[in-house]
Amino acid sequence: MTAPRKRRQASKPAAAALAEFMRRAYAMELEAAERYADFAAQMEMHNNREVAELFRSLAQIEHRHATSIRKQMGWKSAPQVLTAVRWLGREGPESGAPGELHYLMQPYHALEIALANEQRAARFFAAFARRSGPAAIRAAAAAMAREERAHARLVRQWLARVPRPDPGWDRDPDPPNYNGE
Amino acid sequence: MQQRDSVSLALAGSGGAGVMTAGNLLLEAAAQAGYYGLMVRTSGPQIRGGEAAALVRLACAPVDNLDDRFACLAAVDWQNIARFAAEIPLGPESLVVGDPAQGDPPPALAACGARYASLPLKALAKGIPGGWPNMVALGALAGLAGLPEDAVRAALEGTMKKGGAALAASVSAMRLGYAEAPKLGPFARLAPPQGGRRGDRWLLSGDEAAGYGAIRGGVRFVAAYPITPATELLEWMAPALAKVGGALVQAEDELASINMTLGASFGGVPALTATSGPGLSLMSEALGLAVAAEIPVVVVDVMRVGPSTGIATKTEQADLNIATRGLHGDAPHLVLAPNSVVDCVRTLRWAVHLAETLQAPAVVLADQFLGQSRAVVDRPADVAFAGGRKRASADDAAYQRYAITESGVSPMAIPGTPGVAYTADGLEHNERGTPSSQAPDHLAQLDKRARKLERADFGEHWADVEGEGELAVITWGSCTGPVREALARARAEGLRARLVSLRLIAPAQPERMARALDGVRRALVVEQNHGAQLLKYLRAEYTLEADLESFHRPGPLPILPGEIHRTLAQWGRP
Amino acid sequence: MSTASAAAITPQSFKSGVKPVWCPGCGDYSVLSSITKALAALGLAPENAAIVSGIGCSSRIPAYTSCYGFHGVHGRALPAATGLKIARPDLTVIVAGGDGDGYSIGGNHFLHACRRNVDLTYVVMDNHVYGMTKGQPSPTTEPDWDSKLAPGGTGLREFHPLVIALASGANFIARAFSGDPNGTADLIAQAVRHPGFSFIEVLSPCVTYRPEQRGWKDAVRPASVAVTDDPARAARRLMTDDGFNLGVLYAGRRAPYRAAPQHEPQSPASLELDFAL
Ligand SMILES: Cc1ncc(C[n+]2csc(CCOP(=O)(O)OP(=O)(O)O)c2C)c(N)n1
Ligand code: SF4
């Protein structure tokens with residue numbers, strides 16, 4: 001797994017390089033969608049319906065992004081990309097950090113995660129657009145950055161509409177109930 | 001001079017005297033001459049050297065046990081020989097042969113009233129360059145027993161395949177001893193051997209027989225940790241498995257060995273481990289897993305004197321409790337016991353078949369006496385068992401690993417089979433194999449696992465049932481030999497009694513037992529342990545019409561026919 | 001290792017329908033996803049891979065995959081996997097579990113699996129705690145970590161699994177972080193490809209009993225040195241390591257374990273020649 005930066009090869013015809021860039025952007029969106037779906041499943045398992053639904057919708061949104069890339073590129077079938085983008089030595093910039101979940105978390109927390117993801121993704125594409133390389137790719141990256149910023153704005157508006165959790169939101173009067181094996 | 005059907009000979013001496021080599025040769029020679037026989041080894045606590053004795057019983061018919069008395073004890077020296085006084089019972093009719101150069105026999109031996117004859121073993125051996133006293137003793141014992149000298153020579157040739165001067169010296173020394181035998185005074189020889197082709201006989205130990213039976217049953221993977229007296233089984237199996245395309249792994253401990261066998265069996269390869277009591281204790285948790293996840297496996301426990309390290313080189317039947325009751329949870333499983341050296345072939349083959357067919361662990365209780373005794377036996381009939389592991393077929397959309405079936409057995413998917421992958425789980429599960437803590441799933445799976453064993457048809461192999469009459473002896477394992485002999489003696493005196501030697505200990509077979517004991521009013525339960533474990537097991541698992549009495553005593557000394565005959569003889573009195 | 005015939009093998013193909021019981025936020029979710037990604041990247045068919053585990057939160061993994069699974073008893077995953085791999089060398093066998101399972105109750109097997117060098121991949125989800133039994137110290141727990149069972153801490157120095165693995169003969173040693181599922185997937189795939197016994201220690205936070213481990217994401221960093229096949233260099237590196245360097249830390253060249261040389265198998269009945277007179 002390498003960051004797209006390393007993949008950039010001057011010798012490659014620009015069209016192929018652009019396709020590769022878009023394939024990776026697609027993989028990134030898809031990974032983000034799958035991650036939200038995983039989060040939703042975790043919340044469902046722990047009876048946190050509200051946040052589960054929220055994560056489900058976020059998953060659908062990311063899925064739509066992936067589909068729109070696919071349409072834009074005119075791919076007949078989903079491209080096979082198993083190893084998604086890594087950035088700054090970690091994973092895809094739009095994938096939510098798995099360690100941030102809590103069974104008592106509230107929609108606000110979920111949206112905070114989503115906001116951080118969109119902002120990270122926007123920064124990633126913006127950085128990409130500033131780098132040297134085929135103009136087509138830089139333009140595509142800039143467009144993606146704009147899109148991610150727009151998503152971030154939407155999430156921020158959404159965030160403003162949900163209540164802020166009280167301090168102590170994670171308090172549970174009972175000890176963990178998993179009885180062990 | 002009278003002849004006899006069996007003769008018991010002991011050869012004792014200190015480390016370096018070569019008594020075991022001579023004992024083995026005596027057994028080989030008897031086999032060459034068309035006799036049957038049995039050899040038991042015994043030794044002091046020293047790791048190497050120290051005192052040792054070869055106990056050999058030669059006979060016209062197959063023998064599974066030692067006799068009450070030894071007809072002859074030959075000693076290369078008297079060092080510490082008193083330790084064997086209990087193991088080598090002698091009487092006034094016995095003959096003790098000793099080397100005058102070693103002084104008089106110790107008082108403990110003299111006390112039994114045996115006749116003493118001297119034979120200068122060392123001096124005679126000295127006369128032959130490269131000659132050894134044990135070979136002189138071998139010749140003398142063979143001569144006393146009435147084995148043809150040629151048979152002894154053939155045994156030597158068969159063992160010392162390199163031939164040359166060493167063989168020549170051994171043959172000469174043996175001949176010297178052979179020639180001395182008639183001079184040792186009156187001694188009843190063996191009657192002529194029964195007919196039968198020598199080629200139809202085997203010479204093997206119970207450990208080897210068990211290993212062979214396991215491989216014939218289909219075992220191709222063994223993992224084990226060395227422990228006396230199971231080690232010989234493993235040492236025989238290591239090269240044998242390699243020859244048939246299997247593998248043996250020496251594990252880091254018994255926890256590893258049982259779990260390795262479960263892994264291999266999960267992979268579709270019939271697997272076995274062998275151990276003794278301490279190792280079986282360590283395996284107990286994983287046996288629970290084998291029950292719950294329904295993974296076939298065979299565990300051979302070659303029992304020794306316990307608890308703990310106990311007397312590691314001696315025999316006892318005291319692991320019946322742990323084998324039948326030692327698992328946590330409700331854990332139906334199989335417990336089997338071979339009842340002679342050669343029966344280890346059949347019982348292991350059957351155990352593998354049952355474990356595979358019923359997808360359950362089978363514990364086989366052999367013991368040190370069976371495991372480490374070497375015997376000349378009739379080649380066993382080739383009993384193949386039809387059946388085996390039921391496997392799931394590929395891409396069966398409706399497949400459920402733990403499906404509730406009428407027989408309780410559900411097909412097992414073997415890794416590599418597409419479309420039916422599942423997780424074998426020690427957690428209680430539903431039919432699909434998904435973990436479940438729901439009461440109905442637990443009950444259904446408990447019922448399924450119990451039903452497998454309840455519905456299985458164990459056929460006639462469950463026990464050896466012999467004889468008739470209102471009296472019976474119920475026994476198992478290596479006690480079967482002496483019980484059979486005791487019953488033969490009692491029958492010769494007019495007593496009518498039956499034998500039931502259990503090969504299948506668990507699950508209990510109440511209907512078959514009721515048929516076997518139909519009309520029996522009194523039964524003696526014979527076993528070798530301190531706690532009457534079989535008696536208690538029978539009381540718990542069976543409703544028997546007959547009054548049960550118990551003959552039980554612990555190891556380390558093997559049970560002898562006379563001990564049981566005395567009880568039976570009392571029953572014969574009105 | 002056989003390659004899947006179906007074209008569309010994706011990480012999703014390696015997930016079963018069973019829903020994990022783990023706490024949300026637990027690192028084990030990500031390790032599960034890394035395993036499925038690695039298997040997909042390796043192009044394996046689910047039926048040709050087996051996931052073997054012991055007992056613990058982390059050991060629940062097998063049933064969450066669509067591979068053949070073996071969820072055995074506590075601490076004995078490595079022996080079960082060893083038996084399976086030796087009996088079925090054609091399968092890809094991955095062993096998974098926790099630090100308690102692998103280093104405490106199963107510690108002896110860990111040593112011997114390393115030295116036996118059977119071609120297995122062992123993924124330990126190390127959270128420095130017994131999660132399943134509600135938060136007791138494990139061999140990798142810090143000496144001063146306070147808990148009900150060891151008030152004020154155990155006072156015992158931590159077990160160093162990577163050093164032990166190296167000293168015991170493991171042929172591939174890596175550290176991963178569950179917060180980097182793609183990196184972890186990549187390491188798992190490399191480990192599976194590497195012959196012999198491959199050991200991957202995955203820092204996998206227990207958010208319930210060790211919530212402070214959420215901070216691990218800021219502590220980890222890629223190891224700044226190239227992979228070595230020299231055990232002496234690897235030893236120096238591991239001994240001075242602070243526990244947060246990620247990547248392949250040793251990739252050796254020992255030949256993997258082989259069962260006895262296989263000849264054309266002989267008929268089992270012919271073995272009776274050993275006894276025949
Ligand atoms: C023989 C046995 N002893 C004790 C237990 C209880 N037990 C279950 S899991 C566990 C520890 C698990 O810790 P770890 O392996 O670190 O896994 P985690 O739950 O943290 O993933 C213990 C002690 C058991 N199942 N079996
Ligand atoms: S208790 Fe800890 S290790 Fe177990 S599932 Fe929860 S977070 Fe994970």
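**Exercise 1. Cis peptide bonds in chain B**

In which loop of chain B is the place of Pro307(B)? Locate this proline in the predicted model, and describe the peptide bonds that precede Pro307(B) and Pro229(B).

*Solution.*
- Step 1: Pro307(B) falls in the loop that runs between strand 13 (297-303) and helix 11 (320-325) of chain B.
- Step 2: The bond joining Gly306(B) to Pro307(B) is cis, with omega about 0°.
- Step 3: Thr228(B) and Pro229(B) are likewise joined by a cis peptide bond, its omega being about 0°.
- Step 4: Pro229(B) belongs to the loop between strand 10 (221-224) and helix 8 (231-243) of chain B.
- Step 5: As background, most peptide bonds are trans.

**Exercise 2. Positive phi values**

Determine the phi values of Asn80(B) and Lys134(C), and assign an accessibility class to Asn80(B) and to Lys134(C).

*Solution.*
- Step 1: Most residues other than glycine have a negative phi.
- Step 2: Asn80(B), a residue other than glycine, has a positive phi near 55°. It is placed in the loop between strand 5 (72-75) and strand 6 (95-98) of chain B.
- Step 3: The relative accessibility of Asn80(B) is 46%, so this residue counts as partly exposed.
- Step 4: For Lys134(C), phi is positive and near 75°. The residue sits in the loop between strand 4 (121-126) and helix 5 (161-168) of chain C.
- Step 5: With 33% relative accessibility, Lys134(C) counts as partly exposed.

**Exercise 3. Aromatic pairs**

Classify the ring pair of Phe124(A) and Phe128(A) and that of Phe266(B) and Phe70(C).

*Solution.*
- Step 1: Over all chains, the count of aromatic pairs comes to 29.
- Step 2: The ring centres of Phe124(A) and Phe128(A) are 6.0 Å apart and the planes stand at 55°, so this pair is tilted.
- Step 3: Both residues lie in helix 4 (residues 107-130) of chain A, separated by four residues, about one turn of the helix. Phe124(A) and Phe128(A) are both buried.
- Step 4: Phe266(B) and Phe70(C) form an edge-to-face pair, with 5.4 Å from centre to centre and 75° between the planes.
- Step 5: This pair crosses between chains, from helix 9 (residues 254-266) of chain B, which holds Phe266(B), to strand 2 (residues 68-71) of chain C, which holds Phe70(C). Both Phe266(B) and Phe70(C) are buried.
- Step 6: One aromatic cluster consists of Tyr103(C), Phe110(C), Tyr122(C), Phe159(C), Phe197(C) and Phe199(C).

**Exercise 4. A helix crossing**

Describe how helix 7 (residues 206-217) and helix 8 of chain B cross.

*Solution.*
- Step 1: Two packed helices are described by the angle between their axes and the distance between the axes.
- Step 2: The axes of helix 7 and helix 8 of chain B come within 8 Å and cross at roughly 40°.
- Step 3: These two helices of chain B are therefore oblique to each other.
- Step 4: Helix 7 of chain B passes helix 8 of chain B in a right-handed crossing.
- Step 5: Residues of helix 7 of chain B, including Ala210(B), Tyr212(B) and Ile215(B), meet residues of helix 8 of chain B, including Leu233(B), Trp236(B) and Met237(B).

**Exercise 5. The surroundings of Ser13(C)**

Place Ser13(C) relative to helix 1 (28-41) of chain C and list its contacts.

*Solution.*
- Step 1: Ser13(C) lies in the segment before helix 1 of chain C.
- Step 2: At 24% relative accessibility, Ser13(C) counts as partly exposed.
- Step 3: Ser13(C) and Thr36(C) are 23 residues apart in sequence, and their C-alpha atoms are 7.9 Å apart in space.
- Step 4: Apart from its neighbours within four places in sequence, Ser13(C) is in contact with Ala8(C), Pro46(C) and Ser66(C).

Definitions and conventions. Residues numbered from 1 in each chain as written. Chains lettered and ligands numbered in written order. Predicted model: local features only at pLDDT ≥ 70, side-chain atom pairs only at ≥ 80, totals over all residues. Heavy atoms only, no water. Buried < 20%, exposed > 50% of the residue type's maximum accessible area, 1.4 Å probe, protein only. Phe/Tyr/Trp six-rings, centres within 6.5 Å; stacked < 30°, edge-to-face > 60°. Axes fitted to C-alpha atoms, helices over the stretch in contact; angles between N-to-C directions. Parallel < 35°, antiparallel > 145°, perpendicular 65-115°, else oblique. Left-handed = near helix turned anticlockwise from the far one by under 90°. Contact = heavy atoms within 4.5 Å.
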